[in-house]
Amino acid sequence: MARVLLRNLNKHYETFHAVKDVDLEIQDREFVVLVGPSGCGKTTTLRMIAGLEAITSGEILIGDTVVNEMPPMDRDIAMVFQNYALYPHMSVRDNMAFGLKMRKFERAEIDRRVKIASDILGIEALLHRKPRQLSGGQRQRVALGRAIVRNPQVFLFDEPLSNLDAKLRVQMRVELKKLHERLGTTAVYVTHDQVEAMTLGDRVVVMKDGWVQQVGDPLELYNNPANKFVAGFIGSPGMNFAAVTIERDGDALWAANPGMRVRVPDAIVTRLGPHSGRAATLGIRPEDLHIAGPADDAGHCFDAHVEVVERLGSEILLDVSVGPSSMVASVPPTVRTKMHETIRLALDPERLHFFDAETEAAI
Ligand SMILES: Nc1ncnc2c1ncn2[C@@H]1O[C@H](COP(=O)(O)OP(=O)(O)OP(=O)(O)O)[C@@H](O)[C@H]1O
Ligand SMILES: [Mg+2]
């Protein structure tokens, strides 16, 4: 087991700069998830760690060894791909054993490791089958088994669950989490699915356009996003954003647009002060909105026009328009509201986010 260190890592494909100055320290036994939209450089970063892609500049260390020039075979990592990459003509057993045979392991040791891995994954009964005789979830387990038998210092996963149906993904996600707990191997996991990132990662690295936007544990990213991109990317349904102007009125600050006028809580007046008279983006998560009641301060309430009512069973999502902004509010299933009604919503003032209108950095 080992830590993985990325120092000022860059990748250029001819003129295209795909990975930009990535600095990241992944601790021994840590499960780190790289997440971001398509094309943001996740796979490229992972392939550079694996040695499958040459790095343009920077440094990669596995343990205490700089591996920049080391061939993949010698890096003591095992990678699990999205498409499983199983050999179709080999049995499950031979697929799992192949990497060890290539590395000249003794027959008895190979058998021992295949047995342990297939026990862990519950695929003992499938060892004689060919990949085409397996379901998607079973193939995925074999691909994991092939990585586990290697007993590597680091696991690298590139969207290993994305070919599975929604239910199986959730199930395999739980299994992966248990597997990591049991094996304790350092893992770097790539996904574009923020739910997967939040549930699997000890820490999550959010990327966009080749840049790391923020690194943090899941709740840190959720509660204190560094910028508007992270705020919008993490969480489903996503954070609501409204373009507002920060107005000063005596000692108080208000965030206003033609649909709402929200009193800025005292705790952040000082921080927001320098922005008064300027444009900003107000962010509020769907669950931090509720139907206004007598206890709500008028400065935290506004009218909303209901466009769509989505009844999900455990909650109702109200798609509403508030002046020029569209918002989603998550309310309890007992709320009775119909399309085209005008309702009064209140927000939780402690849970407001503000972003600079130009830089999009959190204020
Ligand atoms: N061999 C290549 N030559 C040129 N450009 C490439 C090459 N491989 C990747 N890229 C570009 O580098 C960028 C990052 O690609 P990468 O595969 O790392 O994205 P990703 O974050 O894994 O996306 P996805 O979620 O779609 O898998 C993309 O814009 C891609 O088009
Ligand atoms: Mg990718």
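**Talking through a predicted model**

Biologist: Which residues does alanine 18 touch, leaving out those up to four places away in sequence?

Modeller: In this predicted model, alanine 18 touches Lys11, Tyr13, Cys40, Gly41 and Gly210. Alanine 18 itself sits in strand E2, residues 16-26.

Biologist: Why does alanine 18 count as buried?

Modeller: Its relative accessibility is 6%, and buried means under 20%, so alanine 18 counts as buried.

Biologist: Let's turn to the helices. What makes H4 and H5 roughly parallel to each other?

Modeller: Helix H4 (residues 136-148) and helix H5 (residues 166-183) pack at an angle of about 20 degrees. Angles under 35 degrees count as roughly parallel, so H4 and H5 are roughly parallel to each other. Their axes are 12 Å apart, and H4 passes H5 in a right-handed crossing.

Biologist: Which residues of H4 and H5 meet?

Modeller: From H4, they include Leu144 and Ile148, and from H5, Leu176 and Leu179 are among them. By class, the contact of H4 with H5 has seven nonpolar, three polar and two charged residues.

Biologist: Now the sheet. Why do strands E15 and E18 stand at the edges?

Modeller: Five strands form an open sheet in the order E15-E19-E16-E17-E18, with antiparallel pairing. Strands E15 (289-291) and E18 (325-331) each have a single partner strand, so one side of each is left without a neighbour in the sheet.

Biologist: How do you know that E16 and E17 pair?

Modeller: Pairing takes at least two bridges, and six bridges join strand E16 to strand E17, so the two strands pair. For example, the bridge partner of valine 309 in E17 is leucine 318.

Notes: Residues numbered from 1 in each chain as written. Chains lettered and ligands numbered in written order. Predicted model: local features only at pLDDT ≥ 70, side-chain atom pairs only at ≥ 80, totals over all residues. Heavy atoms only, no water. Helix = DSSP H or I, 4+ residues; strand = E, 2+ residues; numbered from the N terminus. Buried < 20%, exposed > 50% of the residue type's maximum accessible area, 1.4 Å probe, protein only. Contact = heavy atoms within 4.5 Å. Axes fitted to C-alpha atoms, helices over the stretch in contact; angles between N-to-C directions. Parallel < 35°, antiparallel > 145°, perpendicular 65-115°, else oblique. Left-handed = near helix turned anticlockwise from the far one by under 90°. Nonpolar A, V, L, I, M, F, W, Y, C, P; charged D, E, K, R; others polar.
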